[in-house]
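Okay, thanks for making time. I'd like to walk you through one structure, so have a look at it while I talk.

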Amino acid sequence: MTVSSARAPANGVDRAADAEPPTFTFWKGRVGLFAILKAAGVGPGDGVLVPGYTCAMVPAAVVHSGASAFYVDIDPATYNCSLETFQQTWARKTKRLAKALVLQHTFGIAADVARIVSWAKSEGIMVIEDCAHAPATKYRDADGQWHTVGDGGDATFFSSQWSKPISTGLGGWVTVNNPSLLDGVKAFHSRECAAPSVLESSLLAAQVVLKELTFRPSLYWALVRPYRWVTRRGLVDGTVSDRELQGEMPCDFAKRMSAFQEWLLKRRLADKRWEAHTRRLRKVYDEELQRAGIPNFCDPDYSDSVLVRYPIRVANKDEVLAEARRRHVEIGEWFNHPIHPRESNSAAFGYHPGNCPEGERAGREVINLPMHRRIDAAQAKRIVNFVAQTAKW
Ligand SMILES: Cc1ncc(COP(=O)(O)O)c(C=O)c1O
């Protein structure tokens, strides 16, 4: 089943229904990426250019398709791959093999879509946008026009996992811009994907309700650890299991969204309050960080970023996180490794130490501040005070 309105509207104004690209929903975002790769005919012998600062489930989908992931370093100022870093990896070893690239908009910061898409087209490389962090960010094209990210590539996948601004607990969706991919994604979605079982959907729905009722920022650390413990061991289907972090493809990987997830996704996509909240909170963080003398994040001129988390660099990341846990302050660790989390078997995903020095440095230095709707201005100020007291630069 498709969700016709599952598209972040540009400039807060709904597009005409017939202007929306076809949309397909999946149990998780990574399944959407896999669907696109399959539709593009990516498989053994092919290469896919992947950011060297990402969630392990991105290269996992590439490896599951039979292709190899070739890692592209990031620009330290934007946390995204730039045209130059894509070209470096491509020229160094993958020219003949690279069939597709993954264009990730990390933390909700737009990558330089216009330049990268134009180069990729000229080299016959398919562009798959990773909008897992960026359902509403905009980028500026070569003519100075603003567009919502996800419009520029051949196809795009989104995630609605717990930590994402439009969350259905677990989940993801795909939009297709290149008509040549449409039949392939459609066929994968309808023929190769199973519907989740009643037990799986009910367990997920129960977790969503529980989170809605109990979550407060001060409980972040208390909830994150038990959740990781049960899901990593595969006791409950969660964000990722230990076996997936070892590179194994779960036997029930190919799954569609449940009716519950689709219902929630439609409601959450229609509710634009989160974007306004995020933009307000961004201003509070900017001002408070400046006041505390901490370097704040500056958007590249082609990005109107709607941040999912606010990134800052510190020299003592592990210490700050340990203290945040002790004092019950919600501070995030994304990404703690070029293939996050650092416990993943990066060699199984084709990553070798030294492949992406800037991705590795960001993994050691970047912490992120929460932007979700349970954080108000007063809490944001307290979080910045905490960072000012504990972080070193
Ligand atoms: C940048 C990025 N891409 C893809 C994914 C995978 O999304 P999902 O967990 O829905 O498969 C994540 C997960 O957090 C992510 O951070």
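**Salt bridges, then the ligand and the rest**

Searching the whole structure turns up 27 salt bridges. Keep in mind that this is a predicted model. Let me pick out one of those pairs: K38 makes a salt bridge with E192, and the closest N and O atoms are 3.7 Å apart. What I like here is where the two partners sit. K38 is in helix α1 and E192 is in helix α5, residues 179–192, so this pair ties together parts that are 154 residues apart in sequence.

On to the ligand. Which residues come closest to the ligand? There are 14 residues around the ligand, and the closest are R30, D130, H133, S159 and K164. By type, that shell splits into five nonpolar, five polar and four charged residues.

Now some polar contacts. With R30, an N or O atom of the side chain is 2.7 Å from a ligand oxygen. With H133, again an N or O atom in the side chain, the distance to a ligand oxygen is 2.8 Å. G29 does it through the backbone: a polar backbone atom of G29 is 2.8 Å from an oxygen atom of the ligand. And how much of the ligand's accessible area does the protein cover? On its own the ligand has 390 Å² of accessible area, and the protein covers 96% of that. If you're wondering which elements contribute, the ones giving two or more residues to the shell are α1, 29–39, and β9, 155–159. That's the α1 we just met, the helix that holds K38.

Next, a bit of sheet. There's an open sheet of three strands in the order β8-β7-β11, and the pairing is antiparallel. Why is one side of β8 and of β11 left without a neighbour in the sheet? Well, β8 (146–148) and β11 (303–304) are at the edges and each has a single partner strand, so one side of each has no neighbour there. Strand β7, residues 138–140, is joined to β11 by two bridges. For one residue in β7, K138, the bridge partner in β11 is D304.

Aromatics, quickly. The whole structure has 15 aromatic pairs. One cluster is made up of Y53, Y79, F107, F297, W334 and F335. Y79 deserves a second look, since Y79 isn't a glycine and still has a positive phi of about 65 degrees. You'll find Y79 in the loop between β4 (68–72) and α3 (83–94).

Last backbone item: the peptide bond from H340 to P341 is cis, with omega near 0 degrees. P341 itself is in the loop between β13 (339–340) and α12 (357–365).

That's my tour. Happy to take questions.

Conventions
Residues numbered from 1 in each chain as written. Predicted model: local features only at pLDDT ≥ 70, side-chain atom pairs only at ≥ 80, totals over all residues. Heavy atoms only, no water. Phe/Tyr/Trp six-rings, centres within 6.5 Å; stacked < 30°, edge-to-face > 60°. Pairing = 2+ DSSP bridges. Helix = DSSP H or I, 4+ residues; strand = E, 2+ residues; numbered from the N terminus. Near = heavy atom within 4 Å. Polar contact = N/O pair within 3.5 Å; in protein donor to acceptor, adjacent residues only side chain to side chain. Areas by Shrake-Rupley, 256 points an atom, 1.4 Å probe, with all protein chains shown as cover. Nonpolar A, V, L, I, M, F, W, Y, C, P; charged D, E, K, R; others polar. Salt bridge = Lys/Arg side-chain N within 4 Å of Asp/Glu carboxyl O.
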